[in-house]
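Hello! Here is the structure I promised you, with a few notes to read alongside. Have a look around first, then come back to the text below.

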Amino acid sequence: MGAYRAEDDYDYLFKVVLTGDSGVGKSNLLSRFTRNDFSNDSRATIGVEFATRSIQCDDKIVKAQIWDTAGQERYRAITSAYYRGAVGALLVYDVTRHVTFENVERWLKELRDHTDANIVIMLVGNKADLRHLRAISTEDAKGFAERENTFFMETSALEALNVENAFTEVLTEIYRVVSKKALEAGDDPTTALPKGQTINVGGRDDISAVKKPGCCSA
Amino acid sequence: MKALRRSHTSTSSGNSSSPLPSSTSLPSSSSTTSSTSPPSSNSSSSSSSSSSSSSSSSSSWIHLRSVLFVANLSSPSSVTSSDRSRRKSPWSRRKRKWALTPHQWRSLFTPEGKLRDGGVGFLKRVRSRGVDPSIRAEVWLFLLGVYDLNSTSEEREAVNTQKRKEYEKLQRRCKMLLKRGNGSTDDLEEEEADDQCVRFMDDYKTPGPMTSQDVVSAANTDSSDTDSCEDNEDVQLLPSFVYSDEKKPEEENNNNNSSGENCSPPVASSPEIQVELTLHEDFSTWQRIIRLDALRADSDWATYSSSSTAITETKARGLAESVGLKDYDDNLESCRLYHAARLVAILEAYALFDPEIGYCQGMSDLLSPILAVISEDHEAFWCFVGFMKKARHNFRLDEAGIQRQLGIVSKIIKSKDSQLYKHLENLQAEDCSFVYRMVLVMFRRELSFEQTLCLWEVMWADQAAIRAGVGKSPWSRIRQQAPPTDDLLLYAIAALVLRRKLIIQKYSSMDEIVEECNSMAGQLDVWKLLDDAHHLVVTLHDKIETLSSQSLSI
């Protein structure tokens with residue numbers, strides 16, 4: 001309920017969506033990142049919800065508005081409407097359930113059909129703490145991410161492993177692309193992108209790198 | 001004062017005139033900061049702590065509400081029917097009496113166990129007062145149409161036996177599917193086709209919350225000469241279905257294609273639509289998601305359910321194993337594991353019973369309270385079926401049901417307050433998708449457990465009254481004030497939005513409205529909500545009904 005507009009101080013606001021199958025841990029990744037909180041029995045998300053958190057990139061404050069969407073396929077028609085305007089996406093699967101990885105391809109298509117071509121996407125293998133139950137190897141997922149030109153990271157919302165890194169890396173990348181664009185245009189990024197304006201995140205080349213887990217310092 | 005400050009501060013940040021509702025850099029939702037606020041209404045923490053929201057924020061709502069209330073009364077649209085709207089609603093604080101007590105409940109029956117005057121008095125009482133928790137398990141069977149309002153105790157006994165058998169049959173099919181471990185129900189359908197066909201069609205002719213579809217399917221089926229004595233009562237109730245037919249012509253039309261031909265219950269969407277909307281969901285998908293959701297169901301029912309303490313670990317684990325529920329935390333309390341296993345059993349049986357809907361997330365939110373109240377599985381299942389007869393349309397693949405509901409909320413807001421509606425239009429939020437969750441799980445995420453039950457009971461009583469066609473003489477006085485409506489929930493939701501007019505008008509993007517709606521958990525009072533809804537029903541019911549039927553006939 002916090003309604004303190006005084007904290008409403010940021011240079012950029014980026015909309016990021018969380019997608020992926022039911023029960024892969026999207027809501028917990030979000031609560032870990034925005035509130036450092038984890039719940040063992042969070043109920044299924046109905047429709048969409050969102051939370052925000054600000055981070056620092058260079059000397060700028062980047063505010064992330066992260067939309068958490070329902071995972072069941074049937075909800076896609078509703079949730080896809082919320083992809084509109086997203087400049088980043090975390091596509092989450094559960095490293096212990098193969099079917100959630102198989103469905104990544106469909107989610108990716110869904111994302112690309114409904115968002116700007118330059119969206120920064122990261123494939124996220126969550127529940128990495130369940131080492132003895134792992135069903136998808138890091139190499140397989142990394143290979144997939146390389147082929148699909150997305151970032152990749154394995155996380156554990158439970159152990160707070162790489163959650164910060166995953167979000168920060170996506171946001172930093174969006175920031176990098178945006179400020180580079182602005183510089184190319186010869187503008188100061190802050191004034192070039194006043195609040196309320198859509199940000200174009202630049203060309204595909206900018207986001208082709210596949211990063212190693214944990215490579216980004218938070 | 002706090003409310004005013006809130007509005008004021010919203011203004012300062014809401015001065016962007018951007019027409020892009022969800023573009024990247026709107027100053028929206030700035031209220032959510034990592035340190036101060038939970039993201040939206042969320043799930044996890046709200047489940048058992050809905051009352052723990054800070055007192056300061058809730059008091060601010062009360063202040064604001066009173067401001068809005070004055071504004072509402074003086075708005076032009078309520079002038080025309082001011083006489084009616086000034087009457088106290090059955091839910092106004094002063095007028096509301098104690099919930100239906102066990103003693104009163106028993107006195108409602110004749111010596112042969114029939115509800116007096118066809119259940120009219122019963123429904124009236126439940127509608128205005130709610131039900132004492134100790135008799136809910138009995139009362140709900142009537143409210144949800146498992147038992148006919150005109151049945152004798154002897155007839156109910158027979159129905160109960162029959163329903164138990166039918167549920168057990170579904171259960172056996174679930175277990176067979178589980179053993180085979182594949183998602184295909186095809187071969188199973190063939191094996192039992194004839195048998196099942198008769199059974200499912202019977203289900204839809206036995207007493208209960210029949211809808212227009214049921215009438216159509218009953219009419220199209222030759223085998224209507226069943227021996228069940230309840231059929232006579234159905235015939236008597238037919239006039240009320242004509243009423244509901246008028247309301248939902250789209251369902252009737254669609255249903256002509258599917259009635260009586262297959263083993264599933266009457267379905268609402270046409271085969272053409274189904275082809276277009278083929279998803280990758282099959283029974284095995286449902287099995288998987290049902291188990292996920294069962295294990296992460298809310299637990300605020302646990303304090304309510306008296307039997308929950310009596311569940312031994314052996315019993316809970318046994319049931320979990322029998323429904324194939326694995327992968328649970330070993331530390332999970334027995335009563336919660338038992339509850340989860342019951343959810344799995346009944347949701348899977350429902351997915352077989354109604355394969356067009358199958359399982360959709362949100363359905364477990366609707367079933368969970370029923371399980372907490374009703375300890376017999378087969379009774380809980382049929383209560384759920386009764387609940388879903390209307391609710392199932394919200395879960396349809398083609399979204400027609402949910403869109404219709406959101407459309408009605410939108411119409412109510414438009415009719416009541418064109419200014420607010422215009423603002424919503426400017427934010428591209430006039431489709432009211434921001435109340436999606438409230439419509440779908442019927443305030444389960446916003447209200448406490450007990451309050452949810454109160455709301456649902458009132459809603460069910462309204463719907464039962466409509467089904468039974470009691471809108472005429474005995475209800476005439478109530479009719480003048482506020483007729484029973486199928487859409488009470490939608491009026492309540494619209495009232496909630498209208499109450500927040502001052503806040504919403506300060507917003508400059510739909511995101512902020514979504515956040516507002518998602519953060520209402522713990523702040524709502526069910527009787528206030530119903531009281532607000534009452535005013536809207538009184539002033540707008542006829543108009544909305546007309547508008548809805550017009551738009552449907554186009």
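A charge sits over a ring if NZ of Lys or CZ of Arg is within 6 Å of the ring centre and within 35 degrees of the ring normal. Keep in mind that this is a predicted model.

With that rule in hand, go to chain A. The ring of Trp67(A) has the charged end of Lys15(A) over it, 4.8 Å from the ring centre. Another case is Arg53(A), whose charged end sits over the ring of Phe33(A) at 4.4 Å from its centre.

Next, rings that meet other rings. Over all chains, there are 25 aromatic pairs. One of them joins Trp105(B) and Phe142(B) in an edge-to-face arrangement, with 5.5 Å from centre to centre and 75° between the planes. This pair links distant parts of the chain: Trp105(B) belongs to helix H5 and Phe142(B) to helix H7, and the two are 37 residues apart. Are these two residues buried or exposed? Both Trp105(B) and Phe142(B) are buried. Chain B also holds an aromatic cluster, and its members include Tyr167(B), Tyr350(B) and Trp382(B).

Finally, please look at helix H14 of chain B, residues 283–295. Its 13 residues should span 18 Å at 1.5 Å a residue, and the end C-alpha atoms are 18 Å apart, so the two values agree. Several residues of H14(B) are buried, among them Phe283(B), Trp286(B), Ile290(B) and Asp293(B). What covers them? Part of the cover over the buried residues of H14(B) comes from helices H8, H16 and H17 of chain B.

Enjoy exploring!

Methods: Residues are numbered from 1 along each chain as its sequence is written. Chains are lettered from A and ligands numbered from 1 in the order in which they are written. This is a predicted model: local features need pLDDT of at least 70, side-chain atom pairs count only at pLDDT 80 or more; totals for chains, interfaces and linings use all residues. Side-chain values use heavy atoms; hydrogens and water are left out. Rings of Phe, Tyr and Trp (its six-membered ring) pair if their centres lie within 6.5 Å; planes under 30 degrees apart count as stacked, over 60 as edge-to-face and the rest as tilted. Helices (H or I, at least four residues) and strands (E, at least two) are DSSP runs, numbered from the N terminus. Buried means under 20% relative accessible area, exposed over 50%, partly exposed in between (1.4 Å probe, protein chains only). The expected span of a helix is 1.5 Å times one less than its number of residues. Contact means heavy atoms within 4.5 Å.
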